[in-house]
Amino acid sequence: MNTQNTPVHIKLWHKDFWLLVVADLLLTMSVYVLIPIMPLWLMNTENFSPLETGVSMGAYAVGLYLLGAQCSWLVQRYRRNVVCIWAIIFVGLSVAMLWYIDGLRSVFVEFWVIVLQRLLMGAAFGLAQMVLSSTLIIDTCESFHRTEANHCAAWFARFALSLAPMGGLMGYALFGFDQVLWGSIGCAALSVLLIRNVTFPFRAPEEGVHVASLDRFLLPYGSVLFFNLLLVTMIVGMVLSLPLDVEFYAMLMGGFLLALLAQRFVFRDADLKSEIVSGQFMLIAALLIQMVYPVSPVAPLLMGVSVGIIGARYLLFFIKLSRHCKRGTSHSTFFLSWETGITLGLAAGFALLYGQRELLFVIAIGLAVFSLLLYHFYTHNWFMKHKNR
């Protein structure tokens, strides 16, 4: 636990695991594809103000928490794969709602309708991810492979942060908003088909499960890690609120791949603290470069490396922090911190900092420095005192 070494087991990568991690990637892509193009559509086609656009994008973060307390009860009351499939179907339906709205060319959509759509999408996606990543994926693995399974599945979902916006921008330029929406619906549909091809053994429901609980939803004692990671992903969300091109997301993907190599070779036996501290310094460097040289390919590359290694390490911290039988809850907490930060960053970027590029980067750099200092002087020591594994 005092080094970064994470073993790789070939036996983990069996057919069912492959199907589920690809389903996770497709599900996440179905949501992330809207990050660069939905704000464009809201402001250019539906005449939303930047404030209304920011609030609309931010409503998704609220939706993530709406069904979390019922996750454990739903999984116990109904078959866990069925719950996940229906949640993904509702993700697709929420995207189809945008397609219907876009077809009403003669009228502008009401602000509250978009807020409702984002709330529904957040609720459905949040429930689907909590069941898929925190229950279904680890249920297909041996107990001694589950940490690695969580780690690998999270990487597949992380790839969507570059692949989905890249595909969305290309689709938007070539075919228009409607066709991108159909691509999003297609990703959700393929995710459902992949999950349906995995056989899950029947599990008898537990007795005395409450309708609302924090099980599989949130670790209250992980709030320090939650807040520190949220600061990092909020910075990413703020950057993603800027007008970015396909090259940016392609270099971001390159950074993710370099982060994988760095974890395997550079940080393999390094001190536990080094990974996040190095990632934070790279994030600050990426922000400074992008502020001065907006078209530099180095900035997104560095950002991809930093966010990749920081996100992977924080996930393992959440897992090591969790107590017995709370692995799924720890993964859900990591997911909520990651998604909430990105969404709040997007919301702030549009609602408060739209058209103020320099101020956005000044605030982002300030948050990055604060996050680094918080981790170095408090969070790491707090984790070492409270970890359970």
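This is a short dialogue on reading the helices and the overall fold of a predicted model.

Colleague: Where should I begin, and which kinds of secondary structure does the protein contain?

Modeller: Begin by counting the elements: in this predicted model, the secondary structure comes to 14 helices and zero strands.

Colleague: How do I judge the overall form, and what radius of gyration does the protein have?

Modeller: The idea is to compare the value with that of a compact globule, which for 389 residues would be near 21 Å, and the protein, at 20 Å, agrees with this. Along the principal axes, its C-alpha atoms fill a box of roughly 55 × 45 × 35 Å, and 59% of the 389 residues count as buried.

Colleague: How do I read a single helix, and what does H10 reach from its first C-alpha to its last?

Modeller: One sets the span against the expected rise of 1.5 Å a residue; H10, with 21 residues (246-266), reaches 29 Å, close to the 30 Å expected. Among its buried residues are Phe 248, Tyr 249, Leu 252 and Phe 256, and the buried residues of H10 pack against helices H7, H9, H11 and H12.

Colleague: At what angle do the axes of H5 and H8 cross, and what does that say about their directions?

Modeller: The axes of H5 (residues 80-103) and H8 (residues 177-196) come within 9 Å and cross at roughly 170°. Because angles over 145 degrees count as roughly antiparallel, H5 is roughly antiparallel to H8. The contact includes Ile 85, Ile 88 and Trp 99 of H5, together with Leu 181, Trp 182 and Ile 185 of H8, and its residues divide into 15 nonpolar, four polar and three charged.

Technical notes:
Residues are numbered from 1 along each chain as its sequence is written. This is a predicted model: local features need pLDDT of at least 70, side-chain atom pairs count only at pLDDT 80 or more; totals for chains, interfaces and linings use all residues. Side-chain values use heavy atoms; hydrogens and water are left out. Helices (H or I, at least four residues) and strands (E, at least two) are DSSP runs, numbered from the N terminus. The expected span of a helix is 1.5 Å times one less than its number of residues. Buried means under 20% relative accessible area, exposed over 50%, partly exposed in between (1.4 Å probe, protein chains only). Contact means heavy atoms within 4.5 Å. Axes are lines fitted to C-alpha atoms, for helices over the stretch in contact, and angles run from 0 to 180 degrees between N-to-C directions. Angles under 35 degrees count as roughly parallel, over 145 as roughly antiparallel, 65 to 115 as roughly perpendicular and the rest as oblique. Ala, Val, Leu, Ile, Met, Phe, Trp, Tyr, Cys and Pro count as nonpolar, Asp, Glu, Lys and Arg as charged, and the others, Gly among them, as polar. The radius of gyration is taken over C-alpha atoms; the globule rule is 2.2 Å times the number of residues to the power 0.38.
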